[in-house]
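Student: I have a structure open and would like to go through it with you. Could we take it one piece at a time?
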Amino acid sequence: MSTVATAHADEHHGAPKGITRWLFSTNHKDIGTMYLWFAFTMFLIGGAMAMVIRAELFAPGLQVVDPQFFNMMTTMHGLIMVFGAIMPAFVGLANWMIPMMIGAPDMALPRMNNWSFWILPVAGTMLVSTMFMEGGGPAFGWTFYAPLSTTFAPASTDFFIFSIHLLGFSSIMGAINVIVTILNMRAPGMNLMKMPMFVWTWLITAFLLIAVMPVLAGAVTMMLTDRHFGTSFFDAAGGGDPVMFQHIFWFFGHPEVYIMILPAFGIISHIIPTFSRKPLFGYSSMVYATASIAFLSFIVWAHHMFTVGMPVAGELYFMYATIMIAVPTGVKVFNWVATMWKGSLSFEIPMLWALAFVILFTIGGFSGLMLGVAPVDTQYHDTYFVVAHFHYVLVTGALFSIIAGVYFWLPKWTGHMYNLKLATFHFWWSVIWVNVLFFPQHFIGLAGMPRRIPDYATQFADWNMISSIGGFAFGLGQLLFLYIVVSTIRGGEKASTEVWDGSDGLEWTVPSPAPFHTFATAPEVR
C-alpha cells in the first residue's frame with residue numbers, strides 16, 4: 001500500500017491518540033495545524049521582541065535596553081518573523097487546503113511532510129537559544145551582512161548558521177511536497193488552468209523556494225568557512241569582497257519577499273470572489289501575472305544595493321526591472337477591484353481583512369516604487385521609510401492575508417463559527433493601530449531617521465512615540481485573535497455545512513470552474 005493510502009487508512013482505523021498522534025502524524029490536516037500553531041507561537045515571540053524595540057524608541061535616549069541588546073532584538077525579530085512566523089503559516093495553510101482543493105487524499109509525501117515540520121521547532125529553538133549564549137546572540141541585522149556576521153560576530157553565530165540551514169532544509173522539503181502533490185494528484189478533469197488560485201500561487205512559490213533556499217545555504221556556508229576555515233570570501237584583507245555577500249544574500253532575499261506574498265495573493269483571490277458573489281475577474285491573467293512576478297523577482301536583487309557604488313548602467317537596469325514588477329502586481333489589484341465591481345458584496349470578517357489587504361498592501365507597493373527609483377533611494381536607503389515600506393508589505397500584506405485565510409477557513413476546519421462581535425472588534429482594532437504604528441515611520445524616514453538605532457535626535461520624538469503606542473496596541477489585539485481562535489476550536493455556534501453564503505453570513509456555496517473543486521473559490525451568481 002502506498003504511503004498516502006497508509007496515511008489515509010491510519011486516519012480512520014485506530015489512529016494514534018495523544019502526543020503520538022502529533023509526533024508521527026502523516027495527515028496533512030494535523031501537520032497543517034502544527035505549522036499554524038508553530039507560526040503563531042513564533043509570531044508572539046517575534047512580536048514580544050518588537051515590543052522591546054518600540055519601548056526603547058518610545059522616547060529619545062537609552063532607557064530600556066543597552067544598544068547591543070537592541071541590535072540583537074532587531075536581528076532576531078526579523079529572522080523569527082520571516083522564517084518562523086510568515087513562511088510556516090503559509091506552509092500550514094498549503095498543507096490544510098491544497099489536497100482538499102485539488103481532490104487529493106493527502107500530500108504526496110506524507111512522511112516527508114512530517115519530517116519537514118518537526119525540523120522547524122528544533123531550528124527555531126536553536127535560533128532563539130543563541131540569545132542566551134556567551135557573547136550574546138546575533139546582533140548584525142536580519143540581513144546579516146558580512147563582515148559584521150563574520151569577522152566581528154559572537155560565537156553564537158555558528159548556531160545561527162546551523163539553524164538557518166535547518167530552516168532552509170525544511171522549506172525545500174515542503175516545496176518538493178507541494179509540487180509533487182499538485183502535479184501528480186489532481187482529481188480527474190482538473191487541468192492546470194482549472195486549479196484554484198491558491199494552488200497556483202503555491203505551485204509557483206514552491207519553485208521559488210527550491211531555487212533560492214540553496215543560495216541562502218551557500219551564503220551562510222561561506223560565512224562559516226570565513227569564520228573557521230581560513231577562507232576570505234567576504235574579507236577584503238584576504239582579497240574577498242563584503243559587497244559580494246550582499247549580491248548573494250539579495251539574490252536569495254528578493255525572491256524570498258515574493259515567497260512571502262504570492263500565497264497571500266492566492267488567499268485574497270478566493271475571499272474577494274466569495275463575498276462579491278462573482279467568479280474571479282481575469283483568472284488566466286492572474287496566473288500569468290503570478291508567474292511574471294516570480295520570474296522578475298530573480299532579476300531585481302540589486303535594488304537593495306543602490307548605495308554600494310555600482311555603475312550607473314547597473315543602477316538603471318535594476319531600476320527599470322524593479323519598476324516592471326509593478327505591472328503584474330497592478331494587474332492583480334485591478335482584477336480584485338474588477339471582481340468586486342457590480343458584485344453583490346457582503347462584508348463578512350474575511351472580506352474586511354481582504355479589503356484592508358488590498359488597500360494597505362497597495363500603499364506598501366507605492367512606497368516600494370519610490371524605493372525602486374535609484375537616485376531617490378540614495379536618500380531613503382537605511383531610513384525608517386524602508387522600515388515602513390516593508391512592514392506595509394509584510395504586516396498589512398502577508399500577515400493580514402494569513403489572518404483573513406484563518407477567518408475564512410476556520411469554520412470549515414472546526415465545524416464552529418467564531419464570535420462575530422469579537423472578530424469584528426479584532427479587525428477594526430488591528431487595522432486602526434497598525435496604521436498608527438507604521439504610517440508615521442514614513443515621515444520620520446523622509447526626515448532622515450536611520451533604522452536600527454536605539455537612540456535618536458529629539459526632532460523624531462513625537463512620531464516615534466505615536467508609532468510605539470500603535471505597536472503596543474496592535475500587539476495587544478493579536479492576543480484577542482488567539483482567544484477567538486482557541487474559543488472557536490473548543491466550541492461555539494455550529495457552522496452550517498455551507499459556510500459563507502452571505503444571506504445569513506453562514507452559508508457558503510461552491511462554484512465550479514472545475515468539476516472536482518472542493519470548497520475554494522467564488523459562489524455561483526444567483
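Tutor: Let us begin with one residue, tyrosine 288, which you will find in helix 10. Please keep in mind throughout that this is a predicted model.

Student: Is tyrosine 288 buried or exposed?
Tutor: Tyrosine 288 counts as exposed, because its relative accessibility is 54% and the cut-off for that word is over 50%.

Student: How far is its C-alpha atom from that of valine 331?
Tutor: The two C-alpha atoms are separated by 9.8 Å, although tyrosine 288 and valine 331 are 43 residues apart along the chain.

Student: Which residues form a nonpolar patch with Tyr288 on the surface?
Tutor: The patch is formed by Leu183, Leu192, Met193 and Phe207 together with Tyr288, and their accessible area adds up to about 470 Å².

Student: Where is leucine 192, then?
Tutor: Leucine 192 sits in the loop between helix 6, which covers 157–184, and helix 7, which covers 197–228. With a relative accessibility of 30%, leucine 192 counts as partly exposed.

Student: Okay, new topic. What is the mean pLDDT of the chain?
Tutor: The mean pLDDT is 92, and 92% of the residues reach 70 or more. Over residues 1–11, however, the pLDDT is below 50, and this stretch has 17 contacts in the model beyond near neighbours in sequence. The pLDDT also stays under 50 over residues 502–526, a stretch for which the model has 87 contacts beyond four places in sequence.

Student: How many salt bridges does the structure hold?
Tutor: The structure holds 3 salt bridges. As a general background, side chains of opposite charge can pair when their charged atoms come close.

Student: What does aspartate 30 pair with?
Tutor: The side chain of aspartate 30 meets that of arginine 21 in a salt bridge, with 2.8 Å from N to O. Aspartate 30 counts as buried because its relative accessibility is 8%, whereas arginine 21, at 35%, counts as partly exposed.

Student: And which residue meets arginine 227?
Tutor: Arginine 227 meets aspartate 158 through their side chains, and here the N to O distance is 2.9 Å. This pair links distant parts of the chain, since arginine 227 belongs to helix 7 and aspartate 158 to helix 6, with their positions 69 residues apart in sequence. Arginine 227 is at 19% relative accessibility and therefore counts as buried, while aspartate 158 is partly exposed with a relative accessible area of 23%.

Student: How far apart are the closest N and O atoms of arginine 451 and aspartate 382?
Tutor: In that salt bridge the closest N and O atoms are 3.4 Å apart. Arginine 451 lies in the loop between helix 15 (420–446) and helix 16 (461–490), and aspartate 382 lies in the loop between helix 13 (374–380) and helix 14 (384–414), so the pair ties together parts that are 69 residues apart in sequence. Of the two partners, arginine 451 counts as buried at 15% relative accessibility, and aspartate 382 counts as partly exposed at 36%.

Student: What about the phi of aspartate 382?
Tutor: Its phi is near 60°, a positive value in a residue other than glycine. That is worth noting because most residues other than glycine have a negative phi, and most peptide bonds are trans.

Student: What is the phi of arginine 277?
Tutor: Arginine 277 has a positive phi too, of about 55°, although it is not a glycine. You will find arginine 277 in the loop between helix 9 (262–276) and helix 10 (283–296), and it is buried, with a relative accessible area of 14%.

Student: You mentioned peptide bonds. Which residues does a cis peptide bond join?
Tutor: A cis peptide bond joins alanine 146 and proline 147, with omega at about 0°. Proline 147 is in the loop between helix 5 (110–129) and helix 6.

Student: One last residue: is serine 163 buried or exposed?
Tutor: Serine 163, which is found in helix 6, counts as buried because its relative accessibility is 0%. A polar atom of the serine 163 side chain lies 2.8 Å from the backbone oxygen of phenylalanine 160.

Student: Which residues does serine 163 touch, leaving aside those up to four places away in sequence?
Tutor: Serine 163 touches Ala123, Met126 and Leu127 when those sequence neighbours are not counted.

Notes. Residues are numbered from 1 along each chain as its sequence is written. This is a predicted model: local features need pLDDT of at least 70, side-chain atom pairs count only at pLDDT 80 or more; totals for chains, interfaces and linings use all residues. Side-chain values use heavy atoms; hydrogens and water are left out. Patches are made of residues with over 30% relative accessible area and no salt bridge: like charges are joined within 9 Å, nonpolar side chains (Val, Leu, Ile, Met, Phe, Trp, Tyr) within 5 Å. Accessible areas come from the Shrake-Rupley method with a 1.4 Å probe; for residues, only the protein chains shown count as cover. A salt bridge is a side-chain nitrogen of Lys or Arg within 4 Å of a carboxyl oxygen of Asp or Glu. Helices (H or I, at least four residues) and strands (E, at least two) are DSSP runs, numbered from the N terminus. Buried means under 20% relative accessible area, exposed over 50%, partly exposed in between (1.4 Å probe, protein chains only). A polar contact is a pair of N or O atoms within 3.5 Å; within protein, one must be able to donate a hydrogen and the other to accept it, and residues adjacent in sequence count only if both atoms are side-chain atoms. Contact means heavy atoms within 4.5 Å. pLDDT is the predictor's confidence in each residue, from 0 to 100.
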